[in-house]
Structures are given as C-alpha cells and as structure tokens.
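Hi everyone, thanks for coming. I'd like to walk you through a structure that's probably new to most of you, so let's put it up on the screen.

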Amino acid sequence: MKKKPSCPACNKGKLKPVQDIVTELGGYAFVEKGERCSHCKEEFMPEKEGQKTISAARKLGLWEKR
Ligand SMILES: [Zn+2]
C-alpha cells in the first residue's frame, strides 16, 4: 500500500517535495529541501535539513549556544 503524504496543518493538501524552502537567519537566507503543502502552502522540513541549517548558522555565529 502506498501512503499518501497529507498535510498535518490543514489535512487537505498533499505534500510535495521542494528544494527551495528559504529560512532566514540573522540576515542570511538558507535554502533547504523539504515539503510544501499544495493547499495551504505550509512548508515542512525534515529534521536533518534543519540541523544542517543550524550548524551552518552556528559557523556564522548566528545561532546562540545554550
Ligand atoms: Zn496544508
């Protein structure tokens, strides 16, 4: 059985893989892979991609260490 990805935000749209999610941090724009809902345009990013952005931001000194 094929599982259809559906949007957890609106439950109507389908999630499409995209490669142009832009996250802005401290004036820098990070482009990441993820998924975007076809209905509400909500963007979802796998945790792995988020970690990449965080480590890149850390290198630039944009992310505060806790
Ligand atoms: Zn949605």
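**Starting from Ala9**

Let's begin with a single residue: Ala9 counts as partly exposed, because it has 15 C-beta neighbours inside 10 Å. Before I go on, please keep in mind that this is a predicted model.

So where are we along the chain? Ala9 sits in the segment before β1. And what does Ala9 touch, if we leave out residues up to four places away in sequence? The list is Cys37, Cys40 and Glu42. Take Glu42: it's 33 residues away from Ala9 along the chain, yet their C-alpha atoms are separated by 7.3 Å.

Okay, let's zoom out. The protein chain has 1 helix and 3 strands. If you read along the sequence, the pattern goes β-β-β-α. The radius of gyration is 14 Å, well over the 11 Å that the globule rule gives for 66 residues, so the protein chain is more spread out than a compact globule. If you prefer box dimensions, the C-alpha trace spans about 45 × 25 × 20 Å along its principal axes. How many of the 66 residues count as buried? Just 5% of them.

Here's another number for the whole chain. Take the contacts between residues at least 6 apart in sequence: 39% of those join residues at least 24 apart.

Now the sheet. The 3 strands make an open sheet, ordered β1-β2-β3, with antiparallel pairing. At the edges you'll find β1, residues 15–25, and β3, residues 43–44; each has a single partner strand, so one side of each is left without a neighbour in the sheet. As a quick reminder, strands of a sheet pair through backbone hydrogen bonds, either parallel or antiparallel.

Let's follow β1 a bit further. β1 and β2, which covers residues 28–37, run antiparallel and are joined by 9 bridges. Which residue in β2 is the bridge partner of Leu15? That's Cys37, and you've met Cys37 already, as one of the residues that Ala9 touches. Elsewhere on the same pair of strands, Val18 stands opposite Gly34 in β2.

The two strands form a hairpin, with 2 residues between them. Look at Gly26 in that turn: its phi is positive, at about 55°. And is β1 tucked away or in the open? Of its 11 residues the number buried is 1, so β1 lies largely in the open.

That leaves the helix. α1 takes in residues 47–59 and lies across β1 and β2, running at about 175° to β2. From its first C-alpha to its last, this 13-residue helix reaches 18 Å, close to the 18 Å expected at 1.5 Å a residue. Just after α1 comes Gly61, which has a positive phi of about 75°.

One residue to look at within α1 is Ile54. Ile54 has 15 C-beta neighbours inside 10 Å, so it counts as partly exposed. How far is Ile54 from Ala9, C-alpha to C-alpha? The two are 24 Å apart in space, and 45 residues apart in sequence.

That's my tour, from Ala9 in the segment before β1 to Ile54 in helix α1. Thanks for listening!

Methods: Residues numbered from 1 in each chain as written. Predicted model: local features only at pLDDT ≥ 70, side-chain atom pairs only at ≥ 80, totals over all residues. Pairing = 2+ DSSP bridges. Helix = DSSP H or I, 4+ residues; strand = E, 2+ residues; numbered from the N terminus. Contact = placed C-beta atoms within 7 Å. Axes fitted to C-alpha atoms, helices over the stretch in contact; angles between N-to-C directions. Buried ≥ 20, exposed ≤ 12 C-beta atoms within 10 Å, placed from the backbone. Rg over C-alpha atoms; globule rule 2.2 N^0.38 Å. Expected span 1.5 Å × (residues − 1).
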